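Dear colleague,

Please find below the structure that I am handing over to you. My notes on the ligand site and on the backbone follow it.

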Amino acid sequence: MKTPRPASRRSFLETISLSAAAVSLAWRGRAQAAPAPRKLGLALVGLGGYATGQLAPALKLTQEVALRGVVTGSFPKGQQWAQAFGFPEKNIYSYDTMARLADNPEIDIVYVVTPNALHPGHVIAAAKAGKHVITEKPMATNVADCDAMLAACRANKVKLSVGYRLQFEPNFHELKRLARDRDFGPLMKMSGGLSFTMTKPQWRAERKLAGGGPLMDLGIYALQAACMAAGGEAPIAITALERPKSRPEFFKDVEETIDWTMEFANGAKGDFSTSYNGGLDRFRAEGEKGWIEFAPAFQYGGLKVTTSRGPLGLVVPPSQQAGQIDDFAQCVRAGRESPVSGVMGRRDMVIIEAIYRSAAEGGKRIVVT
Ligand code: NAD
């Protein structure tokens, strides 16, 4: 049986809207009126594994941002996203029509989630369309491209940020606090890395699209953690060696495994490894008075963190990415730089280039400039 509509419902809704209109009229024109800020509109560029598996659920949780568009090579895929997120089909763009974003005031932020070597083109297109940009890590595949991206964002007066989700994760906040407050003394000895065994052929094993091998994709997490443990400092020197490949036919033009050491100005040192042939996921930093260890260290959730004082046991939010995206929206609103800005992305690319250079020169110590 159909539930009867309560007789009073219509008048209740009418009353509410009449009151709302009255309030709105009463406030119109007053300088101190402060309407709730609308969520900023975001368009995702690239609807692959990370966008679908992680960013889509995050964008259902964001407080400051709503997904209002996509840039994709597949219009039918775009239609599915439009339906799931309730945005109009006019907000579905192709990679070739990104310039038209300039005419769409519903989109404030563009989030680039394509293969690494495509980030520069997509970021520059978004900046030219006047949109603030988040780009996935690594920011690009070389420092020159990072410079071009930074210049385009500066010229178009838009903010640029890199998708460094772990910078917003409570356990990594604690690492940064320990580095700052020196509870364990300066963190002088670090180690760890990230690896997985790649079995399926994909762009990540192609230099043209990935820019390199596991260092670009996975090693960058350990590199980021090391800079956090060093109080936000970049290393002053690098030594690195590539290991012989166990599957040279699979990893034709990228490394399979690479080990490197980072030296910091205060004498701190970190030994790290990354590979597409292994199962490493760990980060450790030690000072004279204690240590902190993450294992697993770099996942989307479920990090296990222990210190010399015992398990950390912090409560973490449901989505690292939601916090990361909301933080960028706040930066855009406040007109300030993101704590994970393009400048940080470029810093990391300088370090990555030094690691590759050292490995290419047989482990020569490279001073990072
Ligand atoms: P993916 O291969 O699953 O998706 C890539 C998307 O780019 C696809 O939709 C594909 O159609 C599109 N694309 C556009 N032009 C392309 C081209 N010429 N060749 C291939 N694909 C093309 O990759 P992914 O795992 O989603 O990774 C995308 C980016 O996100 C990478 O830069 C990666 O490093 C980054 N990522 C970040 C995290 C993180 O935790 N921050 C995790 C995974 C991936």
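**Ligand site and backbone geometry**

In this predicted model, a backbone N or O atom of glycine 49 is placed 2.7 Å from an oxygen atom of the ligand. Lysine 137 also brings a backbone N or O atom to 2.7 Å from a ligand oxygen atom. For histidine 119, a polar side-chain atom is found 3.0 Å from an oxygen atom of the ligand. Of the 830 Å² of accessible area that the ligand has on its own, the protein covers 75%.

The ligand takes up the space of the largest pocket. Two elements give two or more residues each to the shell around the ligand, namely α2 (49-59) and α8 (214-229). The shell around the ligand consists of 21 residues, of which Gly49, Asn116, Lys137, Arg165 and Trp203 come nearest. Sorted by class, ten residues of this shell are nonpolar, six are polar and five are charged.

Where does the ligand lie with respect to domain 1 and domain 2? Domain 1 covers residues 9-165, and domain 2 is made up of 170-314 + 343-367. Both domains give residues to the shell around the ligand, and the ligand therefore lies between them.

The backbone has several points that you may wish to inspect. As a general background, most peptide bonds are trans, and most residues other than glycine have a negative phi. Two cis peptide bonds are described here, beginning with the one that joins lysine 137 and proline 138, where omega is about -15 degrees. Proline 138 belongs to the loop between β5 (132-135) and α5 (143-155). Lysine 137 thus appears on both topics of this message: this residue takes part in the cis peptide bond, and a backbone N or O atom of lysine 137 lies 2.7 Å from a ligand oxygen atom.

The other cis peptide bond joins alanine 295 and proline 296, with omega about 5 degrees. Proline 296 is in the loop that runs between β12 (290-294) and β13 (305-307).

Finally, lysine 157 has a phi near 55 degrees, which is a positive value in a residue other than glycine. The position of lysine 157 is in the loop between α5 and β6 (160-162).

With kind regards

Methods: Residues numbered from 1 in each chain as written. Predicted model: local features only at pLDDT ≥ 70, side-chain atom pairs only at ≥ 80, totals over all residues. Heavy atoms only, no water. Near = heavy atom within 4 Å. Polar contact = N/O pair within 3.5 Å; in protein donor to acceptor, adjacent residues only side chain to side chain. Areas by Shrake-Rupley, 256 points an atom, 1.4 Å probe, with all protein chains shown as cover. 1 Å grid on protein atoms, 1.4 Å probe; cavity = no way out; pocket = protein on both sides within 12 Å on 5 of 7 lines; lining within 4 Å. Sits in = over half its atoms within 2 Å of the grid points. Helix = DSSP H or I, 4+ residues; strand = E, 2+ residues; numbered from the N terminus. Nonpolar A, V, L, I, M, F, W, Y, C, P; charged D, E, K, R; others polar. Domains from an automatic or database assignment.
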